[in-house]
Amino acid sequence: MRSKILSLAVALLAVQLGATPALAEEPPAAPPAESAAPLLPVPPPLPAPETPAVLLERANEAVDAGRTEEARGLFERVVAESPTSVEAQSARRALKLMGSRKIEPAQATPLQPLRVTSPEPAQAGPAPDEIVFRKEPFSLRTKERLRISVWEKIDFGMTAFLYGFSVGGSYSLGLQSNDTGAIVTPMVIGALSYTGLGLLWLLVTDPDRGDLPLVLAISSYVPTTATLAVTAFAQNPDAKAVGFAAGIAGLAAVPIAALLASKLDLDPGDTQLVRDAGFWGMAVGLGSLLAFGGKDISYGGPYTFHQSPTGQEVAAGGLIGLYAGLGLGLLGAYLGDPSLERVRVATWGGYGGTLVGALVGLSTKGSQDIFRGMVVGGIAGLVLAYALSYSLDQIPPEAALVADGPGRPYSTTLVPVTLTDSRGNPSLGAGISMVLP
């Protein structure tokens, strides 16, 4: 009882003095601000993102300081990271100037610095001097380009037109009519039919490059074989029979060519070589008989008469030359495996040699000399063009964005020039590289 009274008295005394009785354990008071634990350091602000404008400005500063390689790398980053931006156009022009071989006099002036700035938004758009690289797919099996070009399609259409015209002309020869309309109408129908069927075949079947020479060879050589065979082996062949044979064979060759093209997957260069070899074999066979064939007949006087070979002999020579050329083409394709481009270049060389030889023979005013010049010039043009176009038989190397010419000991570069403003201004100069032993 006495202890309780004593406790109550102590409590009352504490209330009078303004103290708070420690009835429960309280957490310790916070230390003063001076003794607080130090705060963590505030991280520095993140750097601003390298936008195309920032990269372009850094590249300009590198150019001003004479750091050409650093500037080139920054320009290439702008082009690679933001190819469609306004700054990328300026970077492309700077790269073109830094890697250019042909420098205009205004660009080569030492007092003119290279300073690239972003054009106004109103000037945004494709620069007129931009260079766009397009990669072409090549076959590792044939070492040739896979995609058919527009020029190959045009060549196919024009050749189909000429083949149809010739088939119609062969049929017209057999009509033995004096009516011009009756003779011209089959030629027009043949040319339009072959061209229309050829274009329809291109659109529907989507052929590869090896199908074009195959279709042209079959649609051409089948009616040609019929014409030459009937003329060479028939006794006194009727022109009407020859014309009908060529027309029927030409019409039958079209579906056969389309069917074989859909079933076969041939090498484009090999197929083109066989086709062109057949043509040149036939041309050389016909031309050789007209140039070197026949015989001179003398009637006992000072004058001689040259008798040309007969039509049957010429047709037989053309038929033998056609299939001899096809055989040589197969052998050449097996041994050489040329590209379609190289075979085509060789054929163009043969055309040029034939024309030059004909002009040389024409200057002698002899009918046989013209054919001799054509035969000799055509063979020479074929051999020369084929020998000089060996570099076409390979896949071209990968092209670089900015490349220096191989094997040149000098190159254009940017050098700092200090002017009156005490600032290094970059100007175009020449650098010489030497390889020491």
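Modeller: A patch is made of residues with over 30% relative accessible area and no salt bridge (a side-chain nitrogen of Lys or Arg within 4 Å of a carboxyl oxygen of Asp or Glu), like charges being joined within 9 Å and nonpolar side chains (Val, Leu, Ile, Met, Phe, Trp, Tyr) within 5 Å. The model is predicted: local features need pLDDT of at least 70, side-chain atom pairs count only at pLDDT 80 or more, and totals for chains, interfaces and linings use all residues. Residues are numbered from 1 along each chain as its sequence is written, and side-chain values use heavy atoms, without hydrogens and water.

Biologist: Which residues form the nonpolar patch on the surface?

Modeller: Val150, Trp151, Ile154 and Met158 form it, with about 490 Å² of accessible area together (Shrake-Rupley method, 1.4 Å probe; for residues, only the protein chains shown count as cover). Val150 belongs to helix α5, residues 150-173 (helices are DSSP runs of H or I, at least four residues, numbered from the N terminus).

Biologist: Why does Val150 count as exposed?

Modeller: Exposed means over 50% relative accessible area, buried under 20%, and partly exposed in between (1.4 Å probe, protein chains only). Val150 has 59% relative accessibility, so Val150 counts as exposed. Of the 437 residues of the protein chain, 34% count as buried.

Biologist: What is the average pLDDT of the protein chain?

Modeller: The average is 74, and 68% of the residues score at least 70; pLDDT is the predictor's confidence in each residue, from 0 to 100. Among the elements, helix α1 (residues 2-17) has the lowest mean, 52, and helix α11 (residues 340-363) the highest, 91.

Biologist: Where does pLDDT stay under 50?

Modeller: It does so over residues 116-126. Where pLDDT is low, the predicted coordinates should not be read in detail.

Conventions:
Helices (H or I, at least four residues) and strands (E, at least two) are DSSP runs, numbered from the N terminus. Contact means heavy atoms within 4.5 Å.
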